[in-house]
Structure formats: structure tokens, C-alpha cells
Amino acid sequence: PNWSITYTGLSNYPFMKAFAKQVTISSGYHSTYTVASYTSNLYYNPQHPTFDTTGNNTANYNSKYLIQGVTISERFDPLIGIDVTLKNNWSGAISFSKDRQETLTFVDQRITENKTSKITLGVGYITNKLYLPFTGRTKRYLKNEFKFRLDVQINQNEQEVRILDQPGGDATGGQLMIAILP
């Protein structure tokens, strides 16, 4: 079940009204389940699932379908996010997000886990009187709302591979990324 929650009620409290136009707290969760591919199992016998097509009892369960892999993805985007617009039209935002993807492949009996943690810090300014300096001698202003925003993101990714029937796992990758998003 995917969900998203946004709360803007803090803007109505007197201690927030003194300096902020709008305060938004948000959280969200999104998940998917994906089957990579599947084919019909030629050894499947609906009357006796542990028997193969020649009638021999293999003591192994033969399923109706052969599945190559399964992926489960879940994302808290954001886990917690706060966005504040001040009375002087400056805005600030901070959010923390987490993402995880687990892939089980039946061909090589591996589980691959990718985890990401992301922190975003943002600052912005909103105006509805943007001056256009290249319009000649007359001063022209844009009448619509114009938003400037600068975000800095810090992402930490980790990847781990586990082989079924073996204890522990091996870290196979990871990185720390810092991005500036104008």
C-alpha cells in the first residue's frame, strides 16, 4: 500500500504565524513487487507435484511456473520532510529519504540488496515582481510568481550480495554523492 501524508496545520498556530506564511510537514511510502520473468514448468504434474513427468518421485516440489527473479522495492520519499515559507518570501526545506531494493534471483540463488539514504537541504525565494532589465527604458516586471530554489543533496548508496545457504554477505559497492541542484 502506497501512501503520502502532508500536514499544513502548523501555519495556523500563533507562534508560527509570527514569522511563517506556510509550514508543511510531509511523509510518503511507495513500494513495488516485480517478477522478472516466468515460464511454464514442463515437469509440473498437478496431481503429484513432487513427481516428474516420467512418474519418478524426486522429493522436490515442482511448481507450475519457473520464476527467474523477484524484486521488492520500497521507498520512504521523504521519510520526514519540512518545508517553511517565511513572510519575507524566503523558503527553506529539509528532508530525509530512504530507499531499499531487494532482488532474489533463482538462477544463481543470490539476494542483492541496494540501500540509499538521502538528505536534502534547500533554500529558495519567491517573487511576483521580477524585474526584466533588457526591456529598454521602461521598467517591466513579470506579474506571475517566480521561484528560485537551490538544493544540496547528500546520497549514500550501499550494495550487498548474499548467496543463499551461506552465512553473511559481501559488500560489493557503495558511494557517497553530493549534488547541488539549482
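In this predicted model, Met16 is in contact with Leu10, Ser11 and Val23, leaving aside its neighbours within four places in sequence. Met16 also belongs to the largest nonpolar core, which has five residues in all. The other members of this core are Leu10, Ala20, Val23 and Val84. Leu10 and Val23 thus appear both among the contacts of Met16 and in the core.

**The sheet**

Seven strands form an open sheet in the order S1-S2-S5-S6-S7-S10-S11, and their pairing is antiparallel. At the edges lie strand S1, residues 3-7, and strand S11, residues 170-181, each of which pairs on one side only. From one strand to the next, the twist averages 5°.

Strand S10 spans residues 146-163 and runs antiparallel to S11, with eleven bridges joining the two. One residue pair can be named here: Glu160 has Ala171 in S11 as its bridge partner.

**Lys118 in strand S7**

Lys118 sits in strand S7, which covers residues 110-127. Beyond residues up to four places away in sequence, Lys118 touches Ser95, Phe96 and Ser97, and also Gln153, Ile154 and Asn155. Of these contacts, Asn155 is 37 residues from Lys118 in sequence, yet the two C-alpha atoms are 4.5 Å apart in space.

Is Lys118 exposed or buried? Its relative accessible area is 23%, so Lys118 falls between the two and counts as partly exposed, because buried means under 20% and exposed means over 50%.

**Backbone features**

Strand S5, residues 69-86, contains Pro78. The peptide bond that joins Asp77 to Pro78 is cis, with omega at about -5°.

Two loop residues have a positive phi without being glycine. Asn89 is one of them, with phi of about 75°, and it lies in the loop between S5 and strand S6, the latter covering residues 90-105. Asp165 is another, with phi near 70°, and its place is the loop between S10 and S11. The table sets out their accessibility.

| Residue | Relative accessible area | Class |
|---|---|---|
| Asn89 | 21% | partly exposed |
| Asp165 | 82% | exposed |

Why does Asp165 count as exposed? The relative accessibility of Asp165 is 82%, and the class follows because exposed means over 50%. Asn89, at 21%, is partly exposed, because the buried class requires a value under 20%.

Methods: Residues are numbered from 1 along each chain as its sequence is written. This is a predicted model: local features need pLDDT of at least 70, side-chain atom pairs count only at pLDDT 80 or more; totals for chains, interfaces and linings use all residues. Side-chain values use heavy atoms; hydrogens and water are left out. Two strands pair if DSSP finds at least two bridges between them. Helices (H or I, at least four residues) and strands (E, at least two) are DSSP runs, numbered from the N terminus. Axes are lines fitted to C-alpha atoms, for helices over the stretch in contact, and angles run from 0 to 180 degrees between N-to-C directions. Buried means under 20% relative accessible area, exposed over 50%, partly exposed in between (1.4 Å probe, protein chains only). Contact means heavy atoms within 4.5 Å. A nonpolar core is a set of buried Ala, Val, Leu, Ile, Met, Phe, Trp, Tyr and Cys residues joined through side-chain atoms within 4.5 Å.
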